[in-house]
Amino acid sequence: MSHVVKPYGDTQDDGKVQLSFTLPIEWSEAGDEVARQLAGKMGLRDAQVVEGRRIATGFSFFVVYGSTAHGVDVDSVKVPSAREHAMSMEEVDAFVAERIGRKIRVAGACIGTDAHTVGIDAILNMKGYKGDYGLERYHAFETYNLGSQVAVEELVRFAKSKRMDALLASQAVTQKGSDVKNFTALGELLEAEGVRDDVVLICGGPRVTNRLATELGYDAGFGRGTLPSEVAAFIAVRLDERLRAAARG
Amino acid sequence: MELRIDRSTVNRCRDLAAAIVSPVEAFIAEHSTVSVERAVLRLLGVDGVTPHEVPLPNAILDALPPGDRSGGVAIAFGKALAETGLEPAALGEAIAVGRCRLDEFATTPEAAARGALRPHVDAALARLATQRDERAAMLERLPQLAPPLLYVIVASGNIYEDRTAAVAAAEAGAQIVAVIRSTGQSLLDFVPFGPTTEGFGGTYATQANFRIMRAALDEASEKLGRYVMLTNYASGLCMPEIAAMAAIERLDMLLNDSMYGILFRDINMQRTFVDQHFSRMLNARSGIIINTGEDNYLTTADAVSQAPAVLASQFINEEFAHRAGLPDRQIGLGDAYEIDPDLEDSLLYQLAQAQLARDIFPEAPLKYMPPTKHMTGDIFKGHLIDAMFNLTSVATGQTIHLCGMPTEAIHTPFLGDRALSLDNARYVMNAARHLGDEILLRPGGKIERRAQSVLAESESLLQRVAEMGLMRAIEDAVFADVSRSPEGGRGFDGVFRRAPDYFNPFEDALRPAREVAV
């Protein structure tokens with residue numbers, strides 16, 4: 001069984017998409033044609049340049065509609081989700097009290113030179129995000145928000161000295177792959193220090209996906225719109241699995 | 001549009017701000033920092049790097065005998081100038097490579113040092129005056145469009161790409177261009193050197209980069225027939241040095257807050273208070289408009305509940321700025337459009353807050369920051385929120401308007417994003433140009449009540465801070481729920497107590513008249 005989908009404009013399988021882009025050319029009618037041909041090379045049929053104009057000397061902006069010839073089989077796509085252990089704050093607290101029997105020690109930080117703490121604050125701070133309380137509010141967690149611009153070495157040192165159960169690394173700046181570099185550096189240093197398996201390692205940020213996280217050897221990755229309770233539930237369940245596996249030897 | 005607010009409360013808030021700042025000012029007068037001293041060297045004409053890439057001002061400070069630091073670098077440097085007969089730039093290089101040592105001239109009389117410094121101090125002050133006059137002349141000849149002045153950022157990491165983006169933005173309607181710094185530069189205790197082509201989330205602030213961008217914008221200004229302003233960041237550990245470089249290269253605005261670095265970058269508070277004062281004295285003389293950072297209170301916490309903190313910070317920033325000699329027309333107090341767009345009547349709260357700042361600081365070129373916290377990958381919704389921000393800005397008469405980008409939460413702006421954003425702002429502001437003049441706010445209505453309650457809460461916040469003292473209040477997490485200790489944070493080791501014979505020739509020349517009278 002396959003279930004191939006194409007974009008939906010106003011008719012099933014019409015494949016309609018919109019896109020906009022800037023070209024480094026002076027606008028002219030030929031410019032519109034350049035944009036149309038470019039859309040064609042992207043695989044769009046019946047591309048229409050619905051807007052083309054000069055936005056600065058040597059630069060033009062275009063809006064294009066067209067129909068993509070391509071479709072994707074929905075059933076062939078499997079994406080591991082880190083958000084599947086849905087529990088409320090009360091449920092997480094009860095789960096941890098019963099199964100782990102102590103507070104889980106969690107540290108979070110914006111690593112590297114990144115100073116954008118909005119994400120890590122939303123997950124950790126008492127107030128939380130969208131009415132969903134942050135981890136500081138849980139009985140189940142002992143939370144350390146190390147803030148912004150925390151060196152990877154500093155986070156690892158902290159994790160070792162305070163015996164953290166879970167680490168949350170946040171990155172908002174993604175220019176030139178700096179986020180991936182920092183996440184990788186953290187994972188490698190934890191490995192080198194021999195403590196990788198002692199922590200539930202999580203990364204987060206507006207551009208983070210769980211797929212990226214697993215590729216980097218993290219336990220999970222959380223992207224935009226993540227609620228604190230989703231992270232809380234993941235940490236609780238994963239740590240419980242870890243501890244039980246360890247107990248079984 | 002005008003709010004009926006209690007003017008006596010406003011006056012009390014200003015008195016409280018004065019009471020808060022006075023003890024800090026006394027502290028400032030007794031201290032200096034390595035970055036203040038490095039700024040002195042830069043103003044004297046020291047620039048460049050050692051063969052090991054250490055900026056010369058840093059190398060000279062490092063070469064200063066430890067006992068001499070408390071007297072200020074100027075005397076030691078001045079003695080060497082007197083004895084060697086070298087120009088400051090050449091002397092700087094000689095010291096950096098070890099051809100000349102500052103402790104060789106300990107017996108040289110101070111009068112000789114002062115005499116040797118004098119022509120270089122005069123030349124530096126003349127250079128600041130030349131740039132200030134040049135700006136004034138250009139503004140006269142190439143007048144800006146009416147405010148809100150549309151302000152955009154460029155941040156590719158490569159100064160040459162930034163230059164392309166800045167010129168394109170100016171053509172698309174931008175009146176102010178800010179080059180965002182590479183993330184983390186605020187924590188460097190030196191200023192990088194030379195043109196730079198790599199950075200993360202921004203481009204390094206260097207004097208060469210300032211010059212490249214100024215030249216490009218001057219050319220664009222002539223072509224467009226309106227002066228395009230240039231902005232950078234005098235924040236972090238090198239506030240005074242950046243202020244010196246900006247003055248020399250004729251930047252027009254600098255981000256410069258009296259508390260931002262302490263709260264949001266964990267920079268030591270003593271360092272920040274001393275640094276902000278000297279940098280603001282330089283800004284005052286250079287005609288540079290400062291932009292304060294109150295938007296940060298709103299991006300890190302709930303914007304509705306933080307409104308009184310914003311206003312309190314505006315009063316404190318205003319007072320610190322006045323004491324450094326900045327006139328109201330150079331004090332761009334900050335605010336931001338950060339209330340949750342899903343909140344009913346969010347627009348009313350935004351109008352109340354923006355108009356409140358306008359009424360309380362009528363002469364200040366208010367800096368209005370766009371929505372960031374509630375921007376998502378939904379660029380279409382984002383464009384709409386930005387339009388509401390634009391409407392609020394024009395209706396309440398904001399002066400410096402940082403244009404919001406539909407792609408705010410996604411990437412540093414693309415060239416096309418800036419063009420869309422400027423289009424949005426120009427459309428809304430043109431369509432609603434005189435809307436504010438036509439609106440009478442309903443007495444006792446929601447907007448007025450909100451403004452009054454923010455003002456009242458701000459007064460009680462300032463009262464608390466005045467009772468505790470500013471440093472203690474920061475330690476007790478009164479601002480932004482962040483606690484910082486007076487000896488904690490970055491850069492504390494660069495703060496030192498002045499010796500009785502401390503000498504900073506620029507401070508003496510720049511000190512505001514009011515202080516001299518005291």
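These questions and answers cover a predicted model, its confidence, and two of its contacts.

The model is predicted: local features need pLDDT of at least 70, side-chain atom pairs count only at pLDDT 80 or more, and totals for chains, interfaces and linings use all residues. Residues are numbered from 1 along each chain as its sequence is written, and chains are lettered from A and ligands numbered from 1 in the order in which they are written.

Q: How do you know what confidence the predictor has in chain A?
A: pLDDT is the predictor's confidence in each residue, from 0 to 100. For chain A the mean is 91, and 100% of its residues reach 70 or more. Among the elements of chain A, β4(A) has the highest mean, 98, and α3(A) the lowest, 88.

Q: What makes residues of chain A and chain B count as a contact?
A: Their C-beta atoms, placed from the backbone, must lie within 7 Å. Chain A gives 22 residues and chain B gives 23. On the side of chain A, β2 (16-23), β3 (44-56), β4 (59-68) and α3 (118-124) each supply at least two residues. Helices are DSSP runs of H or I, at least four residues; strands are runs of E, at least two; both are numbered from the N terminus.

Q: Why are 31-123 and 143-449 of chain B called domains?
A: Domain bounds come from an automatic or database domain assignment. For chain B that assignment gives domain 1 (31-123) and domain 2 (143-449). Their C-alpha centres lie 35 Å apart. The contact between them takes 15 residues from domain 1 and 17 from domain 2. α2(B) gives the largest share of the domain 1 side, six residues.

Definitions and conventions. Contact = placed C-beta atoms within 7 Å.
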